[in-house]
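Work through the following exercises with the sequence and the model at hand. Each task is followed by a solution in steps.

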Amino acid sequence: MDAAAPAIELDGLRRRYGHRLALDGVTLTLAAGQTLVVFGPNGAGKSTLLRVLATLLRPTDGVVRILGEALPERAWIVRGHLGLLTHEPLLYGDLSARENLRFHARLRGVPLQRVDDLLAEVKLERRADEPVHTYSRGMLQRTAACRAVLHDPALLLLDEPRANLDPGAIELLEPLVGRQSGRSRVVTSHDPAAGLAEADLVLGLKDGRTAFLAAPDELTPGAITDLYRT
Amino acid sequence: MSLEPRGITTRKAVGALLRKELLLERRVPQVLPAMALFSITTFVVFRFALDATSVEGDTASGVLWVTLLFAAMLGAGRLYVADHEEGGIDALLLAPVDRTALLISKAVTFLVFLVLVEVVALPAFVILLLGPGLSPGDIAALALVLLMADVGIAVIGTLFGALAIQTRARDLILPLMALPLLVPVIISAAKASAPLLAATGADSLPGRYLALLGLYDLVFGLLAYAVFDYLFDD
């Protein structure tokens, strides 16, 4: 990766579902190692933005460059450097956490020892061999976080990563998916105070359009809350 | 300098995916029991519906292939369910592997399921319906016909299973699209099997129909390879 390449460059990104424009002209640049926090009411386009960045959706129009590589042309290379954590854990319920993670490790050419190390890090070793459909929501999220960082991605895409987690679990996941990880991150959030605290850049989306794009010290929690009211 | 590619070979990806498919089916058997039970139940129904204690030749071949075809549709419909319902498809699409690996692993998994079902269904068919006994030569020839037809069914089932799983009416879409395309396979397989199941036995392998099955497997295998990548593009 080019050392000077921004983590994300968007220029006039549009994404259409049939006649509906889910993203309309989103333009921003996120420097490597920084965190972009995205706010917006339900249906504003946050999940669509994450899926475009994750290479799961093609942009309808505009320029998208991830880690210096253009999408969708270079999607296959970008995928090796992305981690995605969404509301869905993307795990097979009938397999154990260890089996799920080993499957993903094999699929990405990651040594299997990394699975055991991560399970120990999130304190799941004791139940690592039980089917994940028996896990609590918090345990599922911890396993999903392990899946997202298994291949040591340079860019993490996180859809409300702290939802359903108790303070202890949030603390456990911080070195993996938090600011401490040192990775470039895109985080969607509905919590203005917590979001502002971890952001280097804040994007507000409303009906697919950019409502604001600013540094966190230029915004207040009240201004973000207004995004949900208007 | 561009981003360093991080991926594994298609062969390794197929290995990882196959291992996962078989582990899932072994952990919670969903596809195999349904297909096997359907086959045996259908043979029982045919036995009473035809009001015959035994069948042979064209009729036996027809009964066998109609049953196997619908059992296969049942299996194809379940092929992507775990991936779709548990979000595994997104996780697979996020991996830096050639999507051909997904096609190959699903098709091989389906082929293994078809063969395993036939290992159960064929003896049941012989016991419940087939009049004439099968010589070792007939059994070997029938196994070849079954295998060649299974390859075509596995390719079509994998291809259209992937398409159908992304629609809300997947239980309708899959047979609607796959069955017409499988007609040549079933006709060829039935024609090739009929002499083997006849009371007089077969003199030689039905080469013309085996060639048709081979051609079908080749053409649809290449077609699936060409279009599979696009099935998961939004």
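Helices here are DSSP runs of H or I with at least four residues, strands are runs of E with at least two, and both are numbered from the N terminus. The model is predicted.

**Exercise 1. Place Ala52(B) in its chain and decide how exposed it is.**

Solution. Start with the secondary structure: Ala52(B) sits in the loop that joins helix 2 (31-49) to helix 3 of chain B. Next, take the neighbour count, for which 20 or more C-beta atoms within 10 Å means buried and 12 or fewer means exposed. Ala52(B) has 13 such neighbours inside 10 Å, so it counts as partly exposed. Last, compare sequence and space: Phe228(B) is 176 residues from Ala52(B) along the sequence, and their C-alpha atoms are 44 Å apart.

**Exercise 2. Do the same for Phe232(B), and find its contacts beyond four places in sequence.**

Solution. Phe232(B) belongs to the segment that follows helix 9 (207-231) of chain B. Its class is partly exposed, because 16 other C-beta atoms lie within 10 Å. With neighbours up to four places away set aside, Phe232(B) is in contact with Leu93(B) and Arg99(B). Arg99(B) is 133 residues away along the chain, with a C-alpha separation of 9.1 Å from Phe232(B).

**Exercise 3. Describe how helix 3 and helix 6 of chain B pack.**

Solution. Two packed helices are described by the angle between their axes and the distance between the axes. For helix 3 (residues 57-78) and helix 6 (residues 100-128) of chain B, the axes come within 11 Å and the crossing angle is roughly 145 degrees. The crossing of these helices is right-handed. Then list the residues that make the contact. Helix 3 of chain B contributes Leu64(B), Leu68(B), Ala71(B), Ala72(B), Gly75(B) and Ala76(B). Helix 6 of chain B contributes Phe110(B), Phe113(B), Leu114(B), Val117(B), Glu118(B), Ala121(B) and Phe125(B). By class, this contact has 11 nonpolar residues, one polar and one charged.

**Exercise 4. Set the UniProt annotations beside the model.**

Solution. Take chain B to begin with. An unreviewed UniProt entry lists "transmembrane region" for residues 31-50, 62-81, 102-127, 139-165, 172-190 and 210-232 of chain B. In the model, residues 31-50 of chain B are 95% helix and 0% strand, and the end C-alpha atoms are 28 Å apart. Residues 172-190 of chain B are 100% helix and 0% strand, with end C-alpha atoms 25 Å apart. Turn now to chain A, where UniProt (unreviewed entry) lists "domain: ABC transporter" for residues 8-227. That span of chain A is 32% helix and 28% strand, and its end C-alpha atoms lie 24 Å apart.

**Exercise 5. How many residues of chain B are in contact with chain A, and which elements give them?**

Solution. The contact involves 28 residues of chain B and 32 residues of chain A. On the chain B side, the elements that give two or more residues are helix 1 (10-27) and helix 5 (88-94). Helix 1 of chain B gives the most, with six residues. The chain B side divides into 16 nonpolar, four polar and eight charged residues.

**Exercise 6. Find the residues that touch the most other members of the largest nonpolar core.**

Solution. The core has 149 residues, and those touching the most other members are Leu53(A), Ala145(A), Leu157(A), Val177(A) and Ala189(B). Helix 7 (residues 136-164) of chain B gives the most to this core, with 15 residues. As an example, trace the contacts of Val177(A) with residues over four places away in sequence: Leu85(A), Ala145(A), Ala148(A), Val149(A), Leu156(A), Leu158(A) and Pro161(A).

**Exercise 7. Inspect the backbone of chain A at Leu67(A), Leu90(A) and the bond from Leu71(A) to Pro72(A).**

Solution. Leu67(A), in the loop between strand 4 and strand 5 of chain A, has a positive phi of about 50 degrees although it is not a glycine. Leu67(A) is buried because it has 23 C-beta neighbours inside 10 Å. Leu90(A), also not a glycine, has a positive phi of about 55 degrees. Leu90(A) lies between strand 6 (82-85) and helix 3 (97-108) of chain A, in the loop, and its 22 C-beta neighbours inside 10 Å make it buried. The peptide bond from Leu71(A) to Pro72(A) is cis, with omega near 5 degrees. Pro72(A) is in the loop between strand 5 (69-71) and helix 2 (75-78) of chain A.

Note on methods
Residues numbered from 1 in each chain as written. Chains lettered and ligands numbered in written order. Predicted model: local features only at pLDDT ≥ 70, side-chain atom pairs only at ≥ 80, totals over all residues. Contact = placed C-beta atoms within 7 Å. Nonpolar A, V, L, I, M, F, W, Y, C, P; charged D, E, K, R; others polar. Core = buried A, V, L, I, M, F, W, Y, C linked by C-beta atoms within 7 Å. Axes fitted to C-alpha atoms, helices over the stretch in contact; angles between N-to-C directions. Left-handed = near helix turned anticlockwise from the far one by under 90°. UniProt positions renumbered as here; feature names shortened; annotations may be inferred.
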